[in-house]
Amino acid sequence: MARRAVVALVILSVALADATGDHRVAFYALVLAIPPLAIATMDSFGEYLEGGSGFRALTWAVALGLAVASSAVRGQVPGEATVPAVAVSAFFVCLALVWAQAVVDVGRLALERQRPRGTLRPVD
């Protein structure tokens with residue numbers, strides 16, 4: 001779960017860099033976010049193979065694809081003062097998917113902490 005938190009924070013840093021107008025830093029932060037996103041995607045796919053939710057694995061895979069697409073489009077215009085609209089759109093969908101997964105993880109963690117210690121977890 002810590003790996004997924006790193007992904008969410010790096011993706012948030014991209015959004016903050018874009019909001020301040022520093023698109024070059026946002027590009028490099030987005031490129032930096034791709035390896036942790038790939039790790040989170042493979043981790044959720046492993047959970048799927050062990051009987052977890054396939055929707056989570058699909059969501060992480062789509063977020064990874066959107067991050068790669070957004071960074072590819074941003075990389076094509078290195079000297080521009082603005083970011084192409086398709087790169088911004090792809091990034092914000094990626095941001096929404098990653099943070100939705102973060103909210104789900106926090107909710108799951110809160111539910112696990114509320115469960116009494118002596119009870120057994122249900123089998124998925």
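A contact here means heavy atoms within 4.5 Å. With that in hand, let's walk through this predicted model.

Q: What share of the contacts between residues at least 6 apart in sequence join residues at least 24 apart?
A: Start with the contacts in the chain between residues at least 6 apart in sequence. Of these, the ones that join residues at least 24 apart make up 67%.

Q: Which pattern does the chain follow when read along the sequence?
A: The secondary structure comes to 4 helices and 0 strands. Reading along the sequence therefore gives helices alone, under the DSSP run assignment. The pattern is α-α-α-α.

Q: Which helices each supply at least two residues of the largest nonpolar core?
A: That core holds 25 residues, and those touching the most other members are Val-7, Ile-11, Leu-37, Phe-91, Cys-94 and Val-98. The helices that each supply at least two of the core's residues are α1 (2-20), α2 (23-49), α3 (54-75) and α4 (85-114).

Q: Which residues does Cys-94 touch, not counting those up to four places away in sequence?
A: Cys-94 is among the core residues that touch the most other members. Setting aside residues up to four places away in sequence, its partners are Ile-11, Leu-37, Ala-63, Leu-66 and Ala-67.

Q: Is Ser-70 buried or exposed?
A: Ser-70 sits in helix α3. Beyond its neighbours within four places in sequence, Ser-70 is in contact with Leu-30, Ala-87, Ala-90 and Phe-91. Because buried means under 20% relative accessible area, the 0% of Ser-70 makes this residue buried.

Q: Is Val-106 buried or exposed?
A: Val-106 belongs to helix α4. The cut-off for exposed is over 50%. Val-106 has a relative accessibility of 57%, so this residue counts as exposed.

Q: How many Å separate the C-alpha atoms of Val-106 and Val-88?
A: These two valines are 18 residues apart along the chain. Their C-alpha atoms are separated by 27 Å.

Q: What percentage of the residues of the chain count as buried?
A: The chain has 124 residues, and to count as buried a residue needs under 20% relative accessible area. Ser-70, at 0%, is one that meets this cut-off. The buried share of the chain is 32%.

Q: What percentage of the area that the chain exposes do carbon and sulfur atoms supply?
A: The chain exposes about 7,700 Å². Of that area, carbon and sulfur atoms supply 68%.

Q: How many Å apart are the mean positions of the positive and negative charges?
A: The chain carries 10 positive and 9 negative charges. Take the mean position of each set, and the two points are apart by 7 Å.

Notes: Residues are numbered from 1 along each chain as its sequence is written. This is a predicted model: local features need pLDDT of at least 70, side-chain atom pairs count only at pLDDT 80 or more; totals for chains, interfaces and linings use all residues. Side-chain values use heavy atoms; hydrogens and water are left out. A nonpolar core is a set of buried Ala, Val, Leu, Ile, Met, Phe, Trp, Tyr and Cys residues joined through side-chain atoms within 4.5 Å. Buried means under 20% relative accessible area, exposed over 50%, partly exposed in between (1.4 Å probe, protein chains only). Accessible areas come from the Shrake-Rupley method with a 1.4 Å probe; for residues, only the protein chains shown count as cover. Lys and Arg count as positive and Asp and Glu as negative; His and the chain ends are not counted. The place of a charge is taken as NZ of Lys, CZ of Arg, CG of Asp or CD of Glu.
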